[in-house]
Amino acid sequence: MSEVLNPFGSEIFGIWNWLDAIIRVVIMVTVMTVVVMYLIYGERKIVARFQQRLGPTRTGPAGLLQSFADALKLVGKEDLRPKRADRWVFEFAPFATFVPVFITLSILPFAQDWGVRNLPLGLFFMISALGLEIVGVMMAGLGSGNKFALLGAVRAAAQMISYEIPLVLSLLAVVMIAGTLDLNQMALQQDRYPYVILQPLAFLIFFTAMLSELHRAPFDIPVAESEIVGGYFVEYSGIRWSMFMLSEYAAMWGFSIFGAVVFLGGWQFPMGEDWGWGWQLALTMGKSLAFIFVMLWVRATVPRLRIDQLMSFCWKVLLPMSLVQILANGFILVYGGPYWLLTLTSSLGAAVLVAIIMRQAFRRSSTKTLVGAYRTQLQVPAP
Amino acid sequence: MALEGFGPAFAFWLLSAITLISAGGVMMARNLLHAVLFLIVTFIGVAGFFILLSAEFIAMAQVVIYVGAVAVLILFAILLTPRSARDNSETVWGAPAALLSIALAAVLIFVIHDTAWSETNSFQAPSVEDLGRALLSTWVLPFQLASVLLTAALIGAIMLVRSPEEEAEDALS
């Protein structure tokens with residue numbers, strides 16, 4: 001890590017440092033916009049493939065210009081504001097949602113020392129910036145003056161606060177092994193094997209919590225079209241709505257790169273340091289796209305959870321599992337156990353987690369609770 | 001990090017302006033939702049001061065705890081309380097409150113001005129590792145006490161909000 005890249009160092013107020021930062025941010029914004037446009041295109045194409053449709057085909061060759069056309073349409077659309085909306089809260093909400101996502105993107109290492117800035121506390125910064133995103137969502141929900149938006153905001157906030165805990169704890173398990181919060185350093189240490197091999201359980205928990213933080217299916221109840229029309233951004237149109245979309249997809253991409261750096265070796269594994277920055281960039285992008293592909297796969301396959309299932313899964317399954325992971329790591333690391341022991345314990349935990357999910361998925365409807373008892377009374381006997 | 005020069009001074013005054021104006025907004029806003037949003041900006045401004053003092057960890061912890069947890073909790077309370085976002089009316093306590101705050105500010109400024117601050121030129125900001133070691137060795141007892149207190153509060157809160165229906169459900173199972 002070179003000295004110039006340390007933003008908390010003494011260079012922070014120099015004019016060259018500011019120019020450097022501005023250029024990097026502009027590049028980042030441009031890349032992000034293009035990536036988001038093609039993510040939307042990719043999502044439509046891939047989900048269409050899963051559902052045996054064609055997806056966009058008309059605009060440009062194979063529909064490649066579809067997102068540009070959509071963006072142009074959205075810019076030209078009338079920017080409506082409901083009469084009952086709280087004016088300033090309503091107008092600032094898209095920005096309050098977008099800014100945290102963008103500042104998380106600005107600390108990610110895309111290749112060795114490549115990124116807007118590399119922070120010594122990058123991982124912690126990421127977590128604190130993600131906490132800010134809830135504020136934007138709640139501003140949108142509260143400021144719209146719409147019951148559906150309010151419901152969406154309550155759901156989103158409850159879900160995001162809950163899933164933040166297993167997310168952070170699973171990251172903590174990796175930090176215990178890495179011994180650093182610096183993302184670049186963390187990637188550098190994974191030259192022989194990525195941390196997912198040492199911590200499969202933490203990886204599973206991270207991935208699940210990430211899906212939930214991003215409101216992706218099967219955790220998309222805050223934006224469930226079939227239940228509450230559109231969630232917290234139901235009253236937005238035109239450019240403000242597209243800002244919500246932009247931040248959603250940018251967050252998806254940013255989270256994927258983050259997960260790739262922490263768990264899959266980022267730009268380093270395999271051969272990142274030896275083969276130069278071109279390969280490193282390809283590695284980062286390839287791994288993040290793989291992450292996104294799995295997210296789309298899950299979205300196209302798994303049905304949406306109910307809110308009580310969502311909450312009990314977080315608090316009764318993911319949270320204890322991540323605590324067990326941290327405890328096991330602590331014992332092994334303090335008593336100097338070999339690294340294969342970490343792999344073994346974490347794999348066992350991952351197997352237990354998968355078994356719990358499977359058992360829950362194949363379980364017949366329970367009659368234990370009041371709701372269950374009510375449901376069994378109504379059950380129609382099989383013909 | 002040296003605090004001399006144009007940059008840090010500019011950052012300090014800018015942060016002060018943001019923090020003070022939004023803190024004023026918290027008091028002046030008639031709408032409760034606006035007050036909480038101003039409060040969030042105040043918290044972020046304070047985090048900026050921590051960064052200026054090269055205490056990055058505390059700055060981020062400030063954002064995580066005060067914005068991510070405390071402010072969101074207040075937002076939740078507003079969200080779930082009927083008519084809580086209504087405009088607050090005038091209060092007869094305006095003048096006494098102003099007097100009290102002026103008196104408090106006077107005392108604080110007096111104390112800050114009269115304290116003999118120890119100044120140093122060689123300052124090494126403690127790393128996260130130092131913080132962690134200090135918390136788990138020197139200050140382990142207060143740390144543990146705080147954890148136990150928080151756990152007790154957590155369990156107490158859960159017990160308080162249990163509804164009769166839930167009790168009945170548990171009795172059934």
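Student: How far apart are the mean positions of the positive and negative charges of chain A?
Tutor: This is a predicted model. Chain A carries 28 positive and 23 negative charges. Their mean positions are separated by 13 Å.

Student: What share of the exposed area of chain A do carbon and sulfur atoms supply?
Tutor: Chain A exposes about 18,100 Å². Of that area, carbon and sulfur atoms supply 69%.

Student: How many helices and strands does chain A have, and what is its radius of gyration?
Tutor: Chain A has 15 helices and 0 strands. For its 383 residues the globule rule gives 21 Å. The chain comes close to that, so it is as compact as a globular protein of that length. Its radius of gyration is 22 Å.

Student: What does the C-alpha trace of chain A span along its principal axes?
Tutor: The spans are taken along the principal axes of chain A. They come to about 70 × 55 × 40 Å.

Student: What percentage of the residues in chain A is buried?
Tutor: Buried means under 20% relative accessible area. Chain A has 383 residues to test. The buried share is 51%.

Student: Which share of the contacts in chain A joins residues 24 or more positions apart?
Tutor: Take the contacts with a separation of 6 or more. Among these, residues 24 or more positions apart account for 77%.

Student: What distance separates the end C-alpha atoms of helix α8 of chain A?
Tutor: Helix α8(A) covers residues 200-213, which is 14 residues. At 1.5 Å a residue, it should span 20 Å. The model agrees: the end C-alpha atoms are 20 Å apart.

Student: How many residues of α8(A) are buried?
Tutor: Helix α8(A) is largely enclosed by the rest of the structure. That follows because the buried residues number 13 of the 14.

Student: Which residue with a positive phi follows α8(A), and is that residue buried or exposed?
Tutor: The residue is His215(A), with phi near 55°. Its place is the loop between α8 and α9 (225-228) of chain A. Most residues other than glycine have a negative phi. At 6% relative accessibility, under the 20% cut-off, His215(A) is buried.

Student: Where is Gln52(A), and is it buried or exposed?
Tutor: Gln52(A) sits in the loop between α1 (15-50) and α2 (66-76) of chain A. Its phi is positive, near 55°, in a residue other than glycine. Its relative accessible area is 74%, over the 50% cut-off, so Gln52(A) is exposed.

Student: Which residues does Ser346(A) touch, beyond those up to four places away in sequence?
Tutor: Ser346(A) lies in helix α14 (residues 339-362) of chain A. At 1% relative accessibility, Ser346(A) counts as buried. Its contacts are Leu198(A), Gln199(A), Pro200(A), Leu201(A), Ala202(A) and Gln325(A).

Student: How far is Ile239(A) from Glu78(A) in space?
Tutor: Ile239(A) belongs to helix α10 (residues 238-263) of chain A. Its relative accessibility is 41%, so Ile239(A) counts as partly exposed. Leaving out residues up to four places away in sequence, Ile239(A) touches Leu74(A) and Val75(A). Glu78(A) is 161 residues away in sequence, yet C-alpha to C-alpha the distance is 8.5 Å.

Student: Is Arg240(A) buried or exposed, and which residues does it touch?
Tutor: Arg240(A) is also found in helix α10 of chain A. Its relative accessible area is 14%, so Arg240(A) is buried. Not counting residues up to four places away, its contacts are Asp79(A), Glu91(A), Pro94(A) and Phe95(A).

Student: How many helices and strands are there in chain B?
Tutor: Along the sequence, chain B reads α-α-α-α-α-α-α. That pattern goes with 7 helices and 0 strands.

Student: What percentage of the residues in chain B is buried, and how much area does chain B expose?
Tutor: Chain B has 173 residues, and 23% of them are buried. Carbon and sulfur atoms supply 74% of the exposed area. That exposed area is about 12,500 Å².

Student: Which share of the contacts in chain B joins residues at least 24 apart?
Tutor: Count contacts between residues at least 6 apart in sequence. Those joining residues at least 24 apart make up 58%.

Student: What do the buried residues of α1(B) pack against?
Tutor: Helix α1(B) has 23 residues and reaches 32 Å, close to the 33 Å expected. Its buried residues include Ala11(B), Leu15(B) and Thr19(B). The buried residues pack against α2 (32-52) of chain B.

Note on methods. Residues are numbered from 1 along each chain as its sequence is written. Chains are lettered from A and ligands numbered from 1 in the order in which they are written. This is a predicted model: local features need pLDDT of at least 70, side-chain atom pairs count only at pLDDT 80 or more; totals for chains, interfaces and linings use all residues. Side-chain values use heavy atoms; hydrogens and water are left out. Helices (H or I, at least four residues) and strands (E, at least two) are DSSP runs, numbered from the N terminus. The expected span of a helix is 1.5 Å times one less than its number of residues. Buried means under 20% relative accessible area, exposed over 50%, partly exposed in between (1.4 Å probe, protein chains only). The radius of gyration is taken over C-alpha atoms; the globule rule is 2.2 Å times the number of residues to the power 0.38. Contact means heavy atoms within 4.5 Å. Accessible areas come from the Shrake-Rupley method with a 1.4 Å probe; for residues, only the protein chains shown count as cover. Lys and Arg count as positive and Asp and Glu as negative; His and the chain ends are not counted. The place of a charge is taken as NZ of Lys, CZ of Arg, CG of Asp or CD of Glu.
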